[in-house]
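Visitor: I should like to understand how descriptive terms are justified for a structure such as this one. May I put some questions to you?

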Amino acid sequence: MLALIGRRLLIAIPTLFLVSLFVFALQRALPGDPFLVIAGEERDPEVIARLRQIYRLDDPIAVQFFAWLGQVIQGDFGRSLRTGEPVLGLIIQKLGVTFQLAVASMLVAIGIGIPAGIIAARRKDTLADYSASAVALFGLSVPHFWLGIMLILLVSVELRWLPASGFESIFSDPKAAIERLIMPAFVLGGGLAASLMRHTRSAMLEVLQSDYVRTARAKGLAEDAVINRHALRNALVPIITLSTILFGELLAGAVLTEQVFTIPGFGKLIVDAVFNRDYGVVQGVVLCTAIGFIVMNLLADVLYILVNPRLRDS
Amino acid sequence: MKRFVLLASAALFGLAALPALAQAPSTLRIGLQEDPDVLDPHKARTFVGRIVFMGLCDRLVDIDPELKIIPRLATEWSFSGDGLTLTMKLRTDAKFHDGESFNAEAAKANLERAMTLPDSLRKSELASVESVSAPDPATLVFKLKRPDATLLSQLTDRAGMMLSPKSLGPDISAKPVCSGPYQFVERVQNDRIVLEKFKGHWEADKYQFDRIVYRAIPDTTVRLANLRAGELDMLERLAPTDVKSAQGDKNLKVQSTANLGYQGITINTNHTDAANQPMGKDKRVRQALSLSIDRKVLSQVVFEGLYAPMNQPFNPGNQYLSAALPVPERDVAKAKALLKEAGQSKVSVELFVTNNPVDAQLGQVIQAMAQEAGIDIQIRSSEFASQLRDQQQGKFQMSRIGWSGRIDPDGNIHPFVTTKGNQNDGKYSNVEVDKLLDEARTIYDVAERKKRYDAAQKILQDELPIVYLYNQTVFFALRSNIQGFVINPDGLIRLSGLKRS
């Protein structure tokens with residue numbers, strides 16, 4: 001197991017290098033000059049020249065890239081062009097925010113998606129199955145920003161049940177934090193719940209037709225025990241993979257959800273950074289996202305081994 | 001009986017709680033369209049940043065709703081006879097948030113920082129200042145390189161804002177220490193900026209709220225929804241499409257003012273090969289374009305008729321507007337005649353627009369109107385940063401762009417149409433215009449200045465390097481219980497006198 005983790009981490013190094021190179025090149029290919037944005041409306045040529053010098057943007061791109069890489073290896077992600085704040089500090093701060101949103105959304109997704117999938121599989125081709133599928137289709141198709149705005153208008157503006165937007169940390173003010181997380185977590189988790197439901201349903205259906213489930217039933221086990229102890233555990237393997245892939249979807253969804261609910265998180269950070277051509281922030285964010293994906297995939301592999309003992313020896 | 005005792009004590013507790021409620025800190029929550037940038041007045045560049053500075057930092061002078069310069073930290077001022085010395089008398093009772101006293105030495109340190117800091121964005125605003133001196137704590141003297149009629153208006157904004165000299169270090173923007181009515185508490189980037197009342201302010205009794213929270217909510221629909229839900233007390237830049245529904249909501253009220261800037265089409269007349277086509281080379285073709293546009297209908301279609309049609313770079317009501325140049329009526333026949341005179345039966349030209357829904361629609365309306373006069377417009381759209389860059393490099397034929405506006409008329413016209421102007425992206429050049437506008441910025445007498453602007457505008461209206469279209473009205477929406485909001489045309493939020501009824 002340790003060897004597996006070690007091997008994976010070694011493979012991660014070239015991956016991260018390529019990702020940062022790619023992002024660096026892509027950003028420089030973007031039209032638009034960050035300093036035309038940053039130098040303010042006046043666009044004083046002297047100020048622009050000075051800023052380009054401070055941020056080394058007149059060096060050849062390769063020099064810029066390796067200078068940046070050298071700093072990153074030493075843990076220095078540079079400073080935001082827009083506000084002058086250290087990029088790493090920003091990322092850590094925003095990651096904390098998005099992490100809370102992600103956990104809440106995952107709770108919604110798993111809490112709705114997996115039970116709904118099990119029910120749909122157990123009652124295949126009944127009204128329960130069809131309605132669960134219909135709801136799932138809705139959850140998958142409806143755009144986040146639309147659902148978000150509709151919820152704000154209904155729940156906050158009309159009914160006045162929940163605050164319309166913003167963010168509080170769960171550690172500083174739990175009540176305010178939960179009130180503000182409910183709607184975004186529902187919007188973001190709803191779509192994921194739909195995919196989880198579909199996949200749980202099909203995985204369960206497949207497992208339920210397998211020989212060992214028939215054997216378990218034949219030896220007279222109660223149906224709940226068959227489902228929970230035998231079928232679900234095996235059906236979970238592909239679902240775990242899916243959950244980790246969904247993590248990516250979660251981040252992508254967070255970009256829109258955070259905009260709608262004005263949550264100062266990771267997604268909002270990257271959107272604002274791209275529009276402001278805040279190179280350092282974009283690079284830092286993409287690198288961290290890549291690291292996040294690699295860690296999640298590793299986590300998935302470790303989890304497979306935990307739920308499926310057969311994989312432990314190989 | 002027991003129940004009665006319970007009720008009575010509950011009522012008593014309730015009453016006892018009332019005064020406590022009345023004393024609870026009162027907070028004003030303001031919704032901004034963007035997250036401000038660096039909170040250092042000498043390096044800051046965004047409009048929303050200026051809104052926050054209005055609470056945080058005092059300025060030497062201010063403007064009133066008629067754009068008249070009024071006292072703030074400076075109580076009186078005068079220019080010398082040759083126009084090369086500006087002497088200001090300063091308040092002696094103003095303090096910085098760290099308890100230090102404000103005086104002429106402190107003002108000198110700030111102005112020198114603004115003029116010399118490598119990444120200061122205030123250099124061009126203070127370009128006419130040779131040196132600043134502080135002969136005594138209440139007197140500040142500016143020596144000028146040339147007479148500068150725009151200087152006072154620059155000092156109403158960031159160039160005239162004062163930071164505590166003791167706090168001036170590289171990290172000042174993380175915790176700015178100014179002398180304004182509210183002091184810095186915290187900032188969460190992309191989310192909020194919190195200020196609290198500064199009790200030592202010389203005018204503290206005019207500020208009712210204990211706390212100010214500025215929240216950045218870029219989406220206009222969401223910002224309005226937050227106001228409706230009572231999460232905000234007021235917001236800036238209400239979308240014109242939302243004005244009617246906000247006015248219809250009895251919990252809200254809408255206030256508005258004309259924006260200081262202009263909106264129009266900048267035409268490439270002289271910059272790279274892109275200018276070598278009839279629109280760039282022949283003023284009659286540009287005149288035809290201007291005549292083909294019905295500015296009233298444009299405002300009605302795109303902005304619900306809420307924006308004023310305009311053909312000059314100044315805001316409606318501005319004292320520098322030229323009365324001799326009324327907004328032209330649409331005249332397709334005349335436009336066609338002008339094209340014919342220019343030897344063109346059909347002109348094909350590209351219009352650059354920003355890729356947002358409003359600008360796209362604006363582009364289409366202009367396209368349809370110009371079509372009827374024989375001008376065939378192709379629309380190219382891209383996001384703002386790219387548009388700006390292409391425009392600056394001369395890679396455009398026409399660009400639909402505007403300007404946020406400056407208090408002094410010079411800032412709305414000089415940089416855009418003088419030969420060496422920083423913002424003259426079409427590279428328009430006319431010796432007479434240069435001379436008139438260079439002169440105008442050195443004349444302190446309003447009537448004399450206006451003569452120069454009138455003369456320059458007469459030429460510009462004929463040659464049309466920029467076709468002005470409309471003035472953007474600025475709308476604010478407030479909860480009905482918020483009283484005392486006075487809007488100035490700069491669109492900033494002054495907190496003085498604001499209260500909750």
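Guide: Let us begin with a definition: two strands pair if DSSP finds at least two bridges between them. In this predicted model, 4 strands of chain B form an open sheet in the order β4-β5-β7-β6, with antiparallel pairing.

Visitor: What makes β4 and β6 of chain B the edge strands?

Guide: Strands β4 (74–79) and β6 (129–136) of chain B each pair on one side only. The twist in this sheet averages 20 degrees from one strand to the next.

Visitor: How do you know that β6(B) and β7(B) pair?

Guide: The requirement is at least two bridges. Strand β6(B) is joined to β7 (residues 139–144) of chain B by 5 bridges, and the two run antiparallel; therefore they count as paired. One of the residues concerned is B:Asp136, whose bridge partner in β7(B) is B:Thr139.

Visitor: Which helix lies across β5, β6 and β7 of chain B?

Guide: Helix α3 (residues 104–116) of chain B does so, running at about 165 degrees to β6(B).

Visitor: Why is strand β13 of chain B called mostly covered?

Guide: A residue is buried if 20 or more other C-beta atoms lie within 10 Å of its own. In β13(B), residues 262–267, 5 of the 6 residues are buried. For chain B as a whole, 48% of the 501 residues count as buried.

Visitor: Which strands are joined to β13(B) by bridges?

Guide: Strand β17 (residues 398–403) of chain B is joined to β13(B) by 6 bridges, and β18 (residues 466–471) of chain B by 4 bridges. Both β17(B) and β18(B) run antiparallel to β13(B). B:Ile267 has B:Met398 of β17(B) as its bridge partner, while B:Gly264 stands opposite B:Tyr468 in β18(B).

Visitor: Why is chain B called as compact as a globular protein of its length?

Guide: Chain B has 15 helices and 21 strands. Its radius of gyration is 25 Å, and the globule rule gives 23 Å for 501 residues; the two values are close, so the description applies. The C-alpha atoms of chain B fill a box of roughly 95 × 65 × 40 Å along the principal axes.

Visitor: How many residues of each chain take part in the contact between chains A and B?

Guide: Chain A contributes 42 residues and chain B contributes 33 residues. On the side of chain A that touches chain B, the largest share, 6 residues, comes from α3(A). The residues of that side divide into 20 nonpolar, 9 polar and 13 charged.

Key: Residues are numbered from 1 along each chain as its sequence is written. Chains are lettered from A and ligands numbered from 1 in the order in which they are written. This is a predicted model: local features need pLDDT of at least 70, side-chain atom pairs count only at pLDDT 80 or more; totals for chains, interfaces and linings use all residues. Two residues are in contact if their C-beta atoms, placed from the backbone, lie within 7 Å. Ala, Val, Leu, Ile, Met, Phe, Trp, Tyr, Cys and Pro count as nonpolar, Asp, Glu, Lys and Arg as charged, and the others, Gly among them, as polar. The radius of gyration is taken over C-alpha atoms; the globule rule is 2.2 Å times the number of residues to the power 0.38. A residue is buried if 20 or more other C-beta atoms lie within 10 Å of its own, exposed if 12 or fewer, and partly exposed in between; C-beta atoms are placed from the backbone. Axes are lines fitted to C-alpha atoms, for helices over the stretch in contact, and angles run from 0 to 180 degrees between N-to-C directions.
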